Amino acid sequence: MGKHSLLSASVSLRWLSCPPSARLEETMPKTSSAYADEGTAARQLAELVANYQLGNTPQTRYEDALKRLKTGQYFTPEMFEHAAGYARLVMREATRHTSPLIALEVEGLDYSEWAPEGRGTADCVIVGDKTLVVIDFKYGKGYRVDAPGNSQMRLYALGAMTEYQDICDFDSVRMMIYQPRISGEPSVEELTAPELLRWANEYVRPRAALAFADEGEFAPSEAVCKFCRAKEQCRARTEVNLKLFDESPDALLLTAEEAGEILKKAGDVKAWLSDLERLVMTALFKGEAAPGWKLVEGRSNRRIADEPSAVELLLAAGVPETDIYDRKMKTITTLEKALGKNRAAELLNGFVVKPQGKATLAPITDKRPAFMPESLIIEAFEEEN
Ligand code: SF4
């Protein structure tokens, strides 16, 4: 993993949209999470498998390294399958070009021509036939990341174009995000080299200069603040969210249209309120004051402390096993983790059904198709016949 610069590519959505966030975040402590550690383990495995498939790692070294990675706390057969999927994608992309140069885990990609001290690490770079391909492997599954318009990918591509400019005069750039726990197919953006450079010169350079100099305007929004280290304490975000409630509607009763307008503006409010809760709780845990608030014990469920002995006792008392045990099949996800996705799919072929999900409210820009309640489908069908 490469070292992070102030204007690192992975947080570029933030400093490009909200330039003062860069210096503000610098003052906040960095934290790691189990998700981040799991992602690192998955990337190491993906790099190992891809290097082996490319013939860069001899069999014995590969087997030794694989054995070591398998002992890691995050390793699962599912992780291995996704690593193999990444390796297949790298091979597939490489075969699209004649005599390509393929580099994995490319550290020190320098895009400082546009963003001061900007350097990053790309998972895979392929150079061939005047095309630059940059692939990023993401193991997260809670938050989908798309390639179109993705500044992290574009900054890696700028760094890679600079790195390989002496061996190739690039016409086009293909940027791919492979997020296998969300989709088996990568999300792709293709730009011509002049398009990418125009974006870098006209958009990145001035925004990066503001961020580096700790200037520019704060620009809070749901997407931009989501992973900001200052999100709990950021006053700019607080002010914007509080202002949302200044306007009072004219009529006594709200219409759905007015409610929709408020919801559109309030995208960040729910997340902001949980962040404030966390801020107050952390203070109380540290013994600091937060007037009007205290910590209380949450609900907890009773449980049997020594199950084997309790079962023995119940059986001895003549209680039938069916009254003691509640045998339930494990979820598909757990089975997939244990068996691997392919084997689970093979064995459960024909058994897996997907019932219609519950209707959820989403902005009109959401990529999912609009939900049609069953009653409306039947009504429409009856009208047609
Ligand atoms: S919380 Fe949001 S508005 Fe505040 S610095 Fe971070 S990204 Fe900018």
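This text leads through a predicted model, beginning with a sheet and its helices and ending with the enclosed and open spaces.

The sheet is open and holds 5 strands in the order β1-β2-β3-β4-β5, with mixed pairing. At its edges stand β1 (101–110) and β5 (187–192); each has a single partner strand, so one side of each is left without a neighbour in the sheet. On average, neighbouring strands of this sheet are turned by 25° against each other, direction ignored.

One pair of strands deserves a separate look. Strand β3 (residues 131–137) and strand β4 (residues 172–178) run parallel and are joined by 7 bridges. Within this pairing, I135 stands opposite M176 in β4.

Two helices lie across the strands. Helix α3 (residues 34–53) lies across β1, β2 (119–128) and β3, and runs at about 140° to β1. Helix α6 (residues 151–163) lies across β1, β2, β3, β4 and β5, running at about 135° to β3.

From these elements the account turns to the spaces in the model. The count of cavities of 30 Å³ or more comes to 2. The largest cavity contains about 100 Å³ of space. It is lined by 15 residues, and those closest to its centre are C18, S21, C225, C228 and C234. Three helices, α2 (21–26), α8 (222–225) and α9 (235–243), each supply at least two residues of this lining. By class, the lining of the largest cavity divides into 11 nonpolar, 1 polar and 3 charged residues. Where does the largest cavity lie with respect to domain 1 and domain 2? Both domain 1 (9–212) and domain 2 (222–248 + 256–285) give residues to the lining, so the largest cavity lies between them.

The second largest cavity has a volume of about 60 Å³. Its lining is formed by R144, V145, D146, I177, Q179, I182, S183, E185, P186 and S187. These residues of the lining comprise 4 nonpolar, 3 polar and 3 charged. One of them, I177, falls within the range of strand β4 (residues 172–178), and S187 belongs to the edge strand β5 (187–192).

The last space to consider is a pocket. The second largest pocket has a volume of about 340 Å³. Of the 13 residues that line this pocket, T360, A362, P369, A370 and F371 lie nearest its centre. The lining of the second largest pocket divides into 8 nonpolar, 2 polar and 3 charged residues.

How values were computed:
Residues numbered from 1 in each chain as written. Predicted model: local features only at pLDDT ≥ 70, side-chain atom pairs only at ≥ 80, totals over all residues. Heavy atoms only, no water. 1 Å grid on protein atoms, 1.4 Å probe; cavity = no way out; pocket = protein on both sides within 12 Å on 5 of 7 lines; lining within 4 Å. Points joined across faces, edges and corners; volume = space filled by probe spheres on them. Helix = DSSP H or I, 4+ residues; strand = E, 2+ residues; numbered from the N terminus. Nonpolar A, V, L, I, M, F, W, Y, C, P; charged D, E, K, R; others polar. Domains from an automatic or database assignment. Pairing = 2+ DSSP bridges. Axes fitted to C-alpha atoms, helices over the stretch in contact; angles between N-to-C directions. Contact = heavy atoms within 4.5 Å.
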